[in-house]
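Hi,

Here is the structure I promised to pass on to you. My notes on what turned up in it follow below, so have a look and tell me what you think.

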Amino acid sequence: MDLWFTEKHTDDVNFTIKVKKQLYSGKSYYQEIDVFDTYEFGRVLVLDGFIMLTEKDEYIYHEMVTAVPMAVNPDIKNVLVIGAGDGGTVRELTRYESIENIDMVEIDEQVVEVCKEYLPQTACKFDDPRVHLFFEDGLKYVRRKNSEYDLIIVDSTDPFGPGEGLFTKEFYGNCFKALTDSGILINQHESTYYDSYVDMVTRTHKRIGASFPVSMVYQAHIPTYPSGHWLFGFASKNLHPVYDLKADRWKEFGLKTRYYNTDLHKGCFALPNDVLEILENS
């Protein structure tokens, strides 16, 4: 008997993957957690029925939330990651020897433990001495910080359930306060391809823009995310993601990446007209 996992993208669109085996199924205080082994995408992490990552394409997301800010400010030393229980963002950050401290705040400790056991491809650097884990609400954590971080990456689930508080105007204002003068905020920005997602994108973009003088959006192709066309937010107090790109300095890190490069960096901020129109009207 064939086993398939289906994620509902919209009321009219489903995304289905053939499964070899279900490796884990459990329920934490916050959410349902599942891990599948699939034929095409390797191991897949699913939270509350939504795909968070697959082994085949996770590198795209994790490179784009880390390399983009590091190429704009290669002097980043102190980083806060909110969410990211799968460990992929932390893994990419630890590749930069110049980073001195990585604080990761994840509300659901069970996600981290499950990923350590079943997704070692991403959850492989939690034991790096620069990494400090805090299992608490990211919204409450960031309220206590002032001019402390050079980079904040909000690697959250979608804006409902456990991740809902990480998409509020108050949260983005607290992130601004927690950043240094050259600080950068990166967040996942959903997609405008399906009509049902547009309100989330415009609401998020408007709220970030109310707190940060520089607020821009960039894109990547992630096949297993809804529609495959995914957006990210780049916000800062004074750094422009294209004009302040330090391409030569980023190349000096000597990192081998599978998706990101500094030419793509410039291109990913050149958005299609339909996306621009939506953002301009937000």
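Strand 1 and strand 2 pair in the antiparallel sense over seven bridges, and in this register Phe 5 faces Ile 17 of strand 2. Two residues make up the hairpin connection from strand 1 to strand 2. Here two strands are said to pair if DSSP finds at least two bridges between them; helices (H or I, at least four residues) and strands (E, at least two) are DSSP runs, numbered from the N terminus.

Before going further, please keep in mind that this is a predicted model, in which local features need pLDDT of at least 70 and side-chain atom pairs count only at pLDDT 80 or more, while totals for chains, interfaces and linings use all residues. Residues are numbered from 1 along each chain as its sequence is written, and side-chain values use heavy atoms, with hydrogens and water left out.

Moving along, strand 2 is joined to strand 3 by seven bridges, again antiparallel, with Gln 22 bridged to Phe 36 in strand 3. The hairpin between strand 2 and strand 3 has four residues. Strand 3 (residues 32-38) in turn runs antiparallel to strand 4 (residues 42-47), with six bridges between the two; Thr 38 is found opposite Gly 42 there.

Together these belong to an open sheet of five strands, ordered 1-2-3-4-5, with antiparallel pairing. Strand 1 (3-10) and strand 5 (50-54) are at the edges with a single partner strand each, so one side of each has no neighbour in the sheet. From one strand to the next, the twist averages 45°. For angles such as this, axes are lines fitted to C-alpha atoms (for helices over the stretch in contact), and the values run from 0 to 180 degrees between N-to-C directions.

Helix 3 (residues 109-118) lies across strand 2 (13-27), strand 3 and strand 4, at about 95° to strand 2. Its buried residues are Val 111, Val 112, Val 114, Cys 115 and Tyr 118, where buried means under 20% relative accessible area, exposed over 50%, and partly exposed in between (1.4 Å probe, protein chains only). Viewed down the axis of helix 3, these buried residues fall within an arc of 165°, so they line one face of the helix; the arc is that of the directions from the helix axis to the C-beta atoms. They pack against strand 2, strand 3, strand 4 and strand 7 (101-105), with contact meaning heavy atoms within 4.5 Å. At the N-terminal end of helix 3, Asp 108 acts as the cap, with a side-chain oxygen 3.1 Å from the backbone nitrogen of Gln 110.

There is also a second sheet. This one is open too, with seven strands in the order 8-7-6-9-10-12-11 and mixed pairing. Strand 8 (131-134) and strand 11 are the edge strands, each pairing on one side only. The twist here averages 15° from one strand to the next. Strand 7 and strand 8 run parallel and share four bridges, one feature being Asp 103 with its bridge partner His 132 in strand 8. Helix 6 packs on this sheet, touching strand 10, strand 11 and strand 12, and its direction makes about 145° with that of strand 11.

Now to some individual residues. What does UniProt place at Asp 155? The record, an unreviewed entry, gives the feature "active site" for Asp 155; UniProt positions are in the numbering used here, feature names are shortened, and annotations may be inferred rather than shown by experiment. Asp 155 sits in strand 9 (residues 149-155) and is buried, at 9% relative accessible area. Setting aside neighbours within four places in sequence, Asp 155 contacts Tyr 61, His 62, Ile 82, Gly 83, Ala 84 and Thr 89. With Thr 89 there is a side-chain polar contact of 2.7 Å (a pair of N or O atoms within 3.5 Å; within protein, one must be able to donate a hydrogen and the other to accept it, and residues adjacent in sequence count only if both atoms are side-chain atoms).

Ser 236, in strand 12, is buried at 0% relative accessibility, and its side chain reaches the backbone oxygen of Leu 239 at 2.5 Å.

Finally, Glu 190 has a positive phi, near 65°, without being a glycine, and is buried at 1% relative accessible area.

Best wishes
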